[in-house]
Structure formats: structure tokens, C-alpha cells
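Subject: Structure handover

Hello,

Here is the structure I promised to pass on. Please open it first, then read my notes below alongside it.

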There are 2 protein chains.
Amino acid sequence: MPFLLKSYESLDTLAEAIGQAIRAPITIENRHHQLLAYSTHPDSTDPARIATIIGRRVPEAVIEDLWESGILQEVIDQDEPVVIPARLAVGLGERAAIVIKQHDEVLGYIWSLARTNPFSTQELAILQEGATIAKKLLMTIAMHERRISAELERFLLDVLASPTLTDANRERLNELAPIAVASRLTVIECAQPITPQLAERLHYVLATQESIEVVLHAIDGQQLLVWHYMKSELSDEETVLIAWAERFEQLLQDKFSESEPRLGISRRFFESDMLYAAAEEARRVTTLRRKFPLELSTSRAFEQIGIYQLVPELARRIGLRLETHPTVERLQHYDSSHQTELVKTLEWYFYFDGNVKRVAAHLHIHPNTVLYRIRRIEELTNITQVSLPERSMIYLAIKAGQYRLED
Amino acid sequence: MPFLLKSYESLDTLAEAIGQAIRAPITIENRHHQLLAYSTHPDSTDPARIATIIGRRVPEAVIEDLWESGILQEVIDQDEPVVIPARLAVGLGERAAIVIKQHDEVLGYIWSLARTNPFSTQELAILQEGATIAKKLLMTIAMHERRISAELERFLLDVLASPTLTDANRERLNELAPIAVASRLTVIECAQPITPQLAERLHYVLATQESIEVVLHAIDGQQLLVWHYMKSELSDEETVLIAWAERFEQLLQDKFSESEPRLGISRRFFESDMLYAAAEEARRVTTLRRKFPLELSTSRAFEQIGIYQLVPELARRIGLRLETHPTVERLQHYDSSHQTELVKTLEWYFYFDGNVKRVAAHLHIHPNTVLYRIRRIEELTNITQVSLPERSMIYLAIKAGQYRLED
DNA sequence: GCTCACTTTGTGATTTTTCACAAAGTGAGC
DNA sequence: GCTCACTTTGTGAAAAATCACAAAGTGAGC
């Protein structure tokens with residue numbers, strides 16, 4: 001005789017029923033370890049469970065620990081309740097867990113904390129029974145979520161397809177995002193088109209980022225577009241963003257090394273009217289980083305690429321023969337007739353702010369060689385003591401020349 | 001009984017007649033010392049005369065010498081022939097000169113070289129008579145020239161009034177300028193609207209510039225617009241231009257200190273279609289130099305202002321609240337709450353390429369103070385080791401903030 | 001008026017960069 | 001193959017920038 005009913009109207013009532021049947025606290029999570037339901041149980045709870053309920057998801061540290069120790073994998077593979085010894089380092093008391101699966105696809109998990117006495121066979125059977133019932137409910141929820149998220153994805157793509165917003169779209173966007181928050185649009189660009197499997201994994205990683213709040217996201221070919229904002233104060237939004245971007249990109253490159261993911265982040269914006277422009281900025285960053293991986297290896301946000309943002313336009317003008325820089329032209333001419341590398345040397349000399357040692361190290365040559373070349377350049381052109389504005393323009397001209405418009 | 005006829009058909013025949021009457025070489029010049037006519041005389045000539053005839057104008061060195069020594073002024077004031085002792089330093093033998101005037105307005109000069117024996121009273125009288133006859137001829141020429149030049153001036157203003165050329169205008173422009181020559185459009189901007197008197201003097205100085213060839217020029221309010229090209233090779237056009245611009249501006253500022261003349265030179269262009277754009281560039285240079293006299297004190301050509309060319313556009317965007325730079329914003333905030341000058345310090349630190357000594361000298365503070373402030377800035381923002389592209393963008397943001405759109 | 005945190009200036013040791021000069025390497029043209 | 005002009009590398013002396021540290025100055029807030 002089963003201890004549970006055939007079905008329950010919600011996961012919450014199910015969690016409550018299981019909890020009462022085995023007299024232990026129950027939490028039900030989706031496959032992203034987001035909290036779906038939990039039983040009310042006055043006593044015997046542990047820090048991990050409290051943190052999970054407060055944060056509406058299992059703390060990242062706990063998830064990592066469970067993955068690294070192989071426990072989670074075991075739970076997924078087993079298909080029946082697994083008893084897990086306490087892991088006090090991450091605040092986890094002893095518990096039992098069972099996966100909720102549908103044809104090898106993980107839908108979620110049911111967790112139960114151990115009371116003072118260990119789980120009996122019957123109690124574990126009840127858990128298993130609960131998982132079967134939860135499956136039906138989760139499938140309904142998953143389908144619904146999938147429909148919603150697919151709809152939102154189409155909506156975002158629709159918004160980004162045109163530079164100007166329709167009034168209806170603007171209204172809906174303003175409902176989605178809190179006002180007066182510094183939003184950003186981030187592009188995660190991959191080497192190949194993003195498959196549904198990859199998308200799923202990316203969404204998961206994205207959902208587990210604690211510094212940011214995602215408003216909307218969508219897949220567009222090789223890019224995952226994310227509209228988000230930082231949870232920090234406005235005053236250090238930029239600092240936090242840049243620190244996060246570095247960590248996040250590192251994480252992505254560790255987890256998805258075969259996709260060579262690269263970030264591009266727009267400047268901050270406050271009006272949904274700016275979404276289109278922000279997407280352009282973010283994409284400009286990824287494009288430029290693709291073309292100048294070395295120079296822009298640590299530039300992820302539009303602010304960080306500095307005057308590189310002007311390179312495509314300048315390259316276009318050079319392509320149209322509207323623009324040339326006499327100084328650069330002369331050096332290029334000298335280079336080609338003497339097999340030298342004056343332009344390259346000058347470029348890095350400017351980039352490294354006149355630091356001969358670093359230029360030499362970068363180009364793998366003797367510092368005196370750099371010094372010699374700089375003197376040579378000074379003889380050929382009179383950029384001996386030009387100041388920042390002119391130097392940057394020359395640097396820009398060199399970079400724009402390297403930028404290829406075709407690809 | 002007069003030795004000369006009442007009138008001659010041309011200045012050449014007049015010069016010849018005077019030359020024969022007093023048996024000495026004669027040259028007739030306009031008020032700009034451009035050669036109008038000269039007598040053929042086989043012997044007794046001097047280097048100055050040869051140079052004048054070859055170059056179709058009196059060498060600048062000779063003119064300067066005659067002005068500085070006060071001789072030319074004496075000739076103009078006298079209204080009758082003046083005998084001038086030899087000035088061998090500038091290749092001038094002894095000669096007599098008389099001004100050709102009409103109501104105090106100088107129209108030109110007649111010069112006569114001395115032979116071995118000095119000028120007799122009668123010969124000087126013949127010179128005077130020649131000046132009277134020349135006056136009529138010169139007045140006709142001057143009137144004609146004035147009509148032509150006024151017409152050309154109107155034409156240039158007409159061309160510059162619209163971004164696109166009419167076919168008729170393009171055709172006429174192409175007739176005026178030699179093809180495949182690197183043209184420039186230079187603006188000479190004065191503190192006050194240019195009066196006809198000032199215009200006259202400016203035209204004179206312009207006409208005596210040996211490095212450039214003027215195609216057209218026109219007055220537009222406070223600006224004298226000059227379409228010209230360098231007489232040098234294309235390969236070092238820029239070098240020659242920049243050197244010329246420095247000399248020329250110095251000259252203008254010496255001669256017209258009350259008008260505070262300032263140069264603005266476009267990039268080079270080859271097609272007359274670019275005239276409008278070139279005028280914009282040149283004007284942008286003068287505008288920026290007016291707003292940043294110190295920073296752009298030695299930048300006269302559009303190439304030289306470097307990324308300053310982007311300042312107006314950026315200032316506009318900042319004005320529209322489309323653009324801010326978080327780093328700069330934070331420093332500004334610190335400055336205003338701590339009465340410090342971090343932004344200013346950073347600005348010049350960037351400008352002087354991180355040279356602490358020069359920054360200190362410029363700001364009249366101790367080098368260690370600069371060092372201290374830079375460390376402070378590094379604490380507040382993380383621009384510790386940002387490279388040229390980002391540095392320039394920050395510099396641009398600072399400068400654009402200083403740029404006022406209104407005036 | 002006093003305190004305290006912050007800023008500026010001064011001094012000399014320490015480190016880094018630049019410079020002059022020599023020597024060796026490179027390659028195009030005869 | 002040789003020459004010659006140009007380029008690169010190496011060495012140590014000379015010059016310059018940076019640094020730590022002390023002392024003096026400044027001003028807002030109590």
C-alpha cells in the first residue's frame with residue numbers, strides 16, 4: 001500500500017506529503033538546483049538547507065563540492081535513492097537524494113535530510129515513489145518554462161532585430177527590467193553555432209552567476225545574447241563588472257574550451273531604447289577581440305577597448321581611400337623596401353607606452369634594437385615628441401590598416 | 001620738352017623707353033613687388049635684378065632688407081626719385097627708385113640701376129615722368145586684377161557653401177588646379193572680422209610664401225580661406241607643410257599680433273570634390289585650437305590634432321547624456337568632494353606620456369606630488385597599467401568634458 | 001582651538017633606463 | 001665572392017626616474 005497519493009496539485013503539497021511520510025525535511029529542486037518546493041519542518045535542518053531556501057537555489061559551493069566528489073553523478077546514474085554522508089565543510093548534514101528523470105533527461109532532484117536515526121528501506125522507497133510523482137509535475141512545469149523561455153527568447157531577438165522599438169515592445173521591456181538600473185548587454189560568442197545542448201549548459205552557468213541578474217537572453221547563431229545588470233551599487237558597477245567578466249570568461253573557457261567562448265559587453269544603459277545600440281557595442285567588442293586577440297585579451301567591456309571602437313570605421317574609410325596617415329605610409333614604404341619592421345615596432349612602442357624593455361620582450365628582440373629602430377623612425381618621421389593625441393591617431397591608423405573588413 | 005610720350009601701349013614698352021632715355025636698366029613692379037615689366041639692357045646688371053627677373057618677383061630677402069633699413073618707407077613717402085646706395089649683402093647695386101602712387105595708395109615702383117656714373121637731375125626727372133605715365137597703366141591693371149580676384153573669391157565661397165559640387169563648378173575647379181597634386185585648404189582665423197585693409201596685407205604675405213602655390217583664396221568673416229598646394233615632392237609634402245606652417249604662423253603672429261591669427265590646415269586632398277570636407281577639417285582645427293590653445297599650440301594641420309578631431313562629436317554625445325566614462329566620473333567625484341585635482345593631473349600625465357617631471361613642471365608642483373596623485377588615482381580606479389587605447393579614450397573623455405559646445 | 005586624515009614638499013638611496021661605442025650579423029647589388 | 005650600407009646584439013658607464021621616509025602644510029569637523 002503506497003504512502004503517497006497518485007498525484008498532488010503542486011510540488012509544495014507533494015514535498016509536504018513526503019516530509020510527513022518519512023518525518024524528515026524535504027526539498028525539491030529543478031535540474032539547475034533551483035528550489036522548487038520544500039516541506040515545512042520545524043527542527044533538524046542544516047546550514048546548506050537554510051541557504052538553499054533563503055537564496056531559492058543550492059549554494060554554488062555545495063553544488064561544486066557535490067560534483068567534484070562525484071556524489072551528484074552517482075545520484076544521477078543510480079536512479080534510486082542514494083544516502084549521502086555529511087559534508088560539514090560545505091554545511092551539509094547527512095541526507096538522502098534521488099534524481100527525477102525522464103528518459104535519461106534530468107528534470108530535478110528530491111533531497112531529504114536525515115534525522116538522528118538513519119533512513120529505513122521503506123523511507124527510501126517512499127522517496128522513490130515521490131520522485132515518480134514529481135516527474136509528472138516537473139514535466140508540466142518544464143514544458144511550461146520551456147514555452148515561456150522560448151517565447152521570451154523570440155521576443156528579445158525581435159527587439160534586437162530593429163534599431164527602433166515599437167511602443168508595445170518598449171512597454172513590455174519596461175515591465176521586464178527594473179527602472180534606473182545600469183543594464184548591460186553581453187554577447188558570449190562561440191567558435192561554432194550554439195547547439196541546444198551547448199545552450200542548455202551555457203544557460204546553467206549563466207543562471208549560477210551570483211553577481212549578475214539576467215533579464216533576458218537569447219541564442220543567435222554563434223552568439224548568446226544576455227541582457228543583465230549587476231547586483232552591485234551603481235557607484236562601483238564598473239569595477240564589479242570588470243572583475244566579474246574576467247572570472248566569468250575564465251570559467252567559460254575552462255568549461256567550454258572547445259567552443260572558445262569570448263565575451264563582449266556593452267556600456268551600461270538605462271533605457272530599453274538603447275538595447276539595439278548596446279547589442280551593437282557588445283558585438284563590436286567580440287569582433288574586435290577576434291581580430292586583435294592579443295591586444296584585447298583583457299578587454300571585455302566596450303569601455304575597455306578604448307579607441308579600438310573607432311577602428312572599424314577608420315578601416316572602412318581607409319578602404320574607401322578617404323583616409324591615410326602620411327607618417328604610417330612613409331614607415332610602411334620604408335619597411336617594404338628595407339625588410340624592416342618599423343611599423344610593428346612603433347605600434348608596440350606606443351602600446352607599451354614607450355617602455356623599451358617591454359617592447360623588446362614582446363617582440364623577442366634586444367632592447368637596444370628597439371632603441372635603434374625608434375631612432376630610425378624618428379629620423380624618418382618627426383614623431384619625436386608627439387603627445388598622446390597624435391600618438392593615438394597613428395596607433396589607430398596602424399590598427400585600422402590591420403583590420404580586415406571582409407571577414 | 002618731355003623725353004617720353006604721353007602714353008604707351010604696355011608697361012613693357014614704357015620700361016624700354018625709360019631705359020633708353022636714361023641709359024640704365026629699368027624694372028617696374030606692382031605693390032607686391034611682383035615684376036610687371038623690365039627693360040632689355042645687355043650689360044650692367046646685378047644679382048638682385050637677375051633674381052627678380054628669373055623669379056618674377058623681388059627676392060624676399062631684398063624686400064626685407066629694404067623695409068628694415070627704412071629705405072622702402074622713404075621711397076613711398078618721398079613721391080619722387082630716391083637714390084639708394086648699394087647694399088651688397090643682398091646683391092643690390094646702387095640704384096634709383098620712385099613710387100607709383102594714386103591718392104596715397106601705392107600701386108607699384110620703378111627701379112633703375114645706376115651705371116658707372118651717378119644719376120643726373122634730368123635722368124631723375126625722366127624717372128618721375130615715367131612714374132606718372134605708369135600710374136595710368138597700373139590703375140587699369142589693378143582694376144582688372146581686382147575684378148578678377150573678387151570674382152574668384154565669390155566663386156570659392158560659392159563652392160564652399162555647399163557640400164556637393166555642381167558639374168559646372170567641378171569643371172571650373174579642375175581647370176584651376178593642376179591634377180594629382182596634394183592640395184590643402186588652410187584657414188587663417190583672426191580675432192576680429194577681416195577688414196579690406198587687413199585682407200590686403202594678408203594677401204601680400206600669402207603671395208610672398210615661396211613654399212606654397214595658392215590656387216584660390218577668399219575672405220569669410222574672420223577667416224581667410226586658402227586653397228593651396230606645396231611646391232615640394234609628394235613624398236615629403238607633410239614634412240614640408242608642417243615646417244612651413246610653423247614658420248608661417250610665426251610670421252603672421254609677428255606681423256598681425258593684434259589680430260591673433262591662427263592657422264588650421266586640412267588634410268591633403270586630390271579631388272576638388274573634397275574642398276568642402278577640407279574646409280570643415282581646417283575649421284575644426286581652428287575651433288579646437290581656440291578651445292585648447294595650450295594643448296594644440298603646435299598643431300596646425302588636421303593630422304597633428306590626432307584624436308582631438310573626435311572631441312566635438314564626443315562632447316555632443318556627452319551633452320546628450322549618451323556617453324560618460326565611469327573612470328573619469330569617479331575621479332571627478334573625488335575631486336569635487338576632496339578639493340583635489342586628480343583629473344587634471346591624470347590628463348597631463350597622459351598628455352606627457354607618463355613623464356612625471358614634465359607634468360610637475362607644467363602644473364608647477366613637486367614631482368613627488370604628481371607621483372602621489374598618480375598612486376591615489378590608481379587606488380581609486382584600476383587604470384594602473386592600461387595601455388594606449390584605453391588611456392586615449394580616457395583622455396578623450398576628459399577633453400570632451402572640457403569642450404564647450406555653445407561657443 | 002584641536003584633532004585627524006589627507007596632501008604636499010624635501011632628501012638621499014636605489015633601481016631603471018638611456019647612451020655611446022664596439023662588434024658581429026645580414027643581404028642586395030656589383 | 002666582395003663590398004657597403006644597414007641592422008642587430010653586447011657591454012659598461014652615465015643619466016634619470018622611482019622609491020621610502022620624514023617633515024611640514026592644509027582644512028573639515030568636533
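Start with DNA strand C. It is surrounded by 14 residues, and the closest are N368(B), T369(B), Y372(B), R373(B) and R376(B). Keep in mind that this is a predicted model.

**DNA strand C**

Look at which part of the strand meets the protein. Of the strand C atoms within 4 Å of the protein, 65% belong to sugar or phosphate. The rest belong to bases.

Three contacts are worth finding on screen. N368(B) has a polar side-chain atom 2.6 Å from a base oxygen of DNA strand C. Y372(B) places a side-chain N or O atom 2.6 Å from a phosphate oxygen of that strand. For R376(B), a polar side-chain atom lies 2.7 Å from a phosphate oxygen of DNA strand C.

Which elements give two or more residues to the surface near DNA strand C? They are α13 (356-363) and α14 (367-380) of chain A, together with α14 (367-380) of chain B. So both chains appear in that list. The most comes from α14(B), with five residues. By class, the surface near DNA strand C divides into four nonpolar, six polar and four charged residues.

**DNA strand D**

Now turn to the other strand. DNA strand D is surrounded by 14 residues. The closest are N368(A), T369(A), Y372(A), R373(A) and R376(A). Of the strand D atoms within 4 Å of the protein, 65% belong to sugar or phosphate, and the rest to bases.

Here are three contacts with phosphate oxygens of DNA strand D. H366(A) uses a polar backbone atom, at 3.1 Å. Y372(A) uses an N or O atom in its side chain, at 2.7 Å. R376(A) also uses a side-chain N or O atom, at 2.7 Å.

The elements that give two or more residues to the surface near DNA strand D are α14 of chain A, plus α13 (356-363) and α14 of chain B. The largest share, five residues, comes from α14(A). The classes near DNA strand D are four nonpolar, six polar and four charged residues.

**Where the two chains meet**

Next, the protein-protein interface. On chain B, 39 residues are in contact with 39 residues of chain A. The two chains bury about 3,200 Å² between them, and 51% of that is on carbon and sulfur atoms. In chain B, the residues that lose the most area to chain A are P326(B), L388(B) and P389(B). Together they account for 18% of what that side buries.

How many salt bridges are there between chain B and chain A? The count is four. One salt bridge joins the side chains of R268(A) and E329(B), at 3.1 Å from N to O. Ten residue pairs are in polar contact across the interface, with both residues at pLDDT 80 or more.

Four helices of chain B each supply at least two residues to the side that touches chain A: α8 (237-255), α11 (326-338), α12 (342-351) and α15 (388-402). The largest share comes from α15(B), with eight residues. That side of chain B divides into 14 nonpolar, twelve polar and 13 charged residues.

**Domains of chain A**

Last, the layout of chain A. The domain assignment gives domain 1 (11-140), domain 2 (162-301) and domain 3 (324-402). The C-alpha centres of domain 1 and domain 3 of chain A lie 63 Å apart.

Best wishes

Note on methods: Residues are numbered from 1 along each chain as its sequence is written. Chains are lettered from A and ligands numbered from 1 in the order in which they are written. This is a predicted model: local features need pLDDT of at least 70, side-chain atom pairs count only at pLDDT 80 or more; totals for chains, interfaces and linings use all residues. Side-chain values use heavy atoms; hydrogens and water are left out. Contact means heavy atoms within 4.5 Å. Buried area is the accessible area (1.4 Å probe) that two parts lose on being put together, summed over both. A polar contact is a pair of N or O atoms within 3.5 Å; within protein, one must be able to donate a hydrogen and the other to accept it, and residues adjacent in sequence count only if both atoms are side-chain atoms. Ala, Val, Leu, Ile, Met, Phe, Trp, Tyr, Cys and Pro count as nonpolar, Asp, Glu, Lys and Arg as charged, and the others, Gly among them, as polar. A residue is near a molecule or strand if one of its heavy atoms lies within 4 Å of it. Domain bounds come from an automatic or database domain assignment.
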